[in-house]
There are 2 protein chains.
Amino acid sequence: MGGPRFEPVRTVRAYERIVEQIEEAVEGGALPPGARLPSERDLMAQFGVSRSTVREALRVLQARGLVRSRPGDPNGAEVLPFSPAALHKSMTTLARVDELSLGELVQFRMVLDASANLLAARLRTEAELAEMDAAIGRMREAVETGYDAFSAADVAFHDAVARASRNKLIQICTDVVRSIVLGLIAGKIAGSDDREALMRQSIRHHEEVLAAVRAGDGPLAARLSRRTMYDYYVGYVPAGERAALRALLE
Amino acid sequence: MGGPRFEPVRTVRAYERIVEQIEEAVEGGALPPGARLPSERDLMAQFGVSRSTVREALRVLQARGLVRSRPGDPNGAEVLPFSPAALHKSMTTLARVDELSLGELVQFRMVLDASANLLAARLRTEAELAEMDAAIGRMREAVETGYDAFSAADVAFHDAVARASRNKLIQICTDVVRSIVLGLIAGKIAGSDDREALMRQSIRHHEEVLAAVRAGDGPLAARLSRRTMYDYYVGYVPAGERAALRALLE
DNA sequence: GTAGCCTACTGGTCAGACCAGTGCACTAGC
DNA sequence: GCTAGTGCACTGGTCTGACCAGTAGGCTAC
């Protein structure tokens, strides 16, 4: 107390400094998506390090989804537009290390989707309503076509709702969590033989949700969307976790 | 149509194969947290590649938060318990690159916090209620102590609620988004001179939320928590984005 | 028995090399 | 003149071999 405040020194690796600098340039807009980094040999000269060090930095940046490099490309690494791939990757890891249960994921989807519907009911345009309507139409056709087409149309509906919420974070998280959930239950889907009944019920539910969104009744749309998702996924969720899902159905 | 189905070959880099293998071992539980990887020179022999290739793979794994290596450690890289650090990093990048607006972030916090409260109202234990109570107590004391202590106590309250929701995804996302929001408004806080009034109002609001959680009234707790966060942050949000926030207040 | 040194490792970095692939300028043929 | 084809210069991916600073643990001297 009172003396000079020392803080522990952290030895910072050379490649980390390079990552920081390039990251800052990308996030600050100095390197917009589509821009090219200098070649590794140029970077090596600019940063005054060896090529291995430059490459380790580039590997980190690539793992974070900021750049991509192709062998032989005379232009150097390309700065990528942001994609949720890295987000997706780390969330998938989280789910695979078994820290996340299917119940938690479905619950999170219910939360996100309900919020998206709540916002969409207030902010949606006519074009977006038409898009949702079209998606439900494709769901109807897909009852005969098969599960894959049905699932794709279902995804399209929820995507349209998420976009109508005007919140990019909701859109991205919805997308990421959904694909993880679908991946987890992918094997189990073929097993259920009352699949057609489930699809028909789901279509009915989606129609009700859409009606609420169209009417501008956010709370109703949110409540219905939670119910829709619950009914659709509850069969895959272990019995012990279902109570937590029902807690969202008020 | 009808001929043999060829799929495009993707040249896969050597280091990617290494990443895959180690990643699989970690996620599959063969390498539990705390376990040590062989040394780089051993890995180089096991995978039949050069050390640079091994190192690039380790850099990627490190960027994903799966392992950590210390120079001089005779035991090789350490397998880490999962931490949301990577998730945090990619979401922060998203906020910075994709220009997530403060409004969107606050809106997302409102959604998460409301859901956490909804669930907590049903699932909370007495111990968790006591924890929330203690946090509010520290907020009261901090009105005099200063903003930092107040903010820390506020964080503790919301963390306790998130934990009580029993949903790790909600906890992690809450944590990540909150730290981004706090980072964005960090500079602006000192400016407001009616800070004390804002703190006192916030304490009152938190007390109401806690009462609802204690009473088991989830919908009420959710509604109040949205209002609490709205009132606390609306001053930092550009006027044009406030309408979207109000859309959540039903 | 313990304090301190020594050694055999570790990861971080460097230098220099080779290879397969790419884009572009140049050239041969029309 | 224009196009098709060919080199060439350069890229990233990988390898080899080396040096350094740091660490842990055994060994030695007290």
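Colleague: How do the residues of the surface near DNA strand D divide into nonpolar, polar and charged?

Modeller: Keep in mind that this is a predicted model. In that surface, 8 residues are nonpolar and 9 are polar. The rest of the split is charged, with 10 residues.

Colleague: Which residue has a polar side-chain atom 2.6 Å from a phosphate oxygen of DNA strand D?

Modeller: Let's go through the contacts with the strand. A:Glu40 uses a polar backbone atom, 2.9 Å from a phosphate oxygen, and A:Gly72 also uses a backbone atom, 3.4 Å from a base oxygen. The side-chain contact at 2.6 Å from a phosphate oxygen belongs to B:Thr53.

Colleague: OK, now the two protein chains. How many salt bridges are there between chain A and chain B?

Modeller: Here's one of them: B:Glu23 pairs with A:Lys89, and their closest N and O atoms are 3.4 Å apart. That fits the rule, because a salt bridge needs those atoms within 4 Å. Between chain A and chain B, the full count is 10.

Colleague: Which helix gives the largest share of the side of chain A that touches chain B?

Modeller: Several helices of chain A give two or more residues to that side, including helix 1 (14-27), helix 4 (85-96) and helix 8 (168-185). The largest share is 10 residues, and these come from helix 5 of chain A.

Colleague: And how much area do chain A and chain B bury between them?

Modeller: The contact takes 50 residues from chain A and 51 from chain B. Carbon and sulfur atoms carry 65% of the buried area. The area itself comes to about 5,000 Å².

Terms used
Residues are numbered from 1 along each chain as its sequence is written. Chains are lettered from A and ligands numbered from 1 in the order in which they are written. This is a predicted model: local features need pLDDT of at least 70, side-chain atom pairs count only at pLDDT 80 or more; totals for chains, interfaces and linings use all residues. Side-chain values use heavy atoms; hydrogens and water are left out. A polar contact is a pair of N or O atoms within 3.5 Å; within protein, one must be able to donate a hydrogen and the other to accept it, and residues adjacent in sequence count only if both atoms are side-chain atoms. Ala, Val, Leu, Ile, Met, Phe, Trp, Tyr, Cys and Pro count as nonpolar, Asp, Glu, Lys and Arg as charged, and the others, Gly among them, as polar. Contact means heavy atoms within 4.5 Å. Buried area is the accessible area (1.4 Å probe) that two parts lose on being put together, summed over both. A salt bridge is a side-chain nitrogen of Lys or Arg within 4 Å of a carboxyl oxygen of Asp or Glu. Helices (H or I, at least four residues) and strands (E, at least two) are DSSP runs, numbered from the N terminus.
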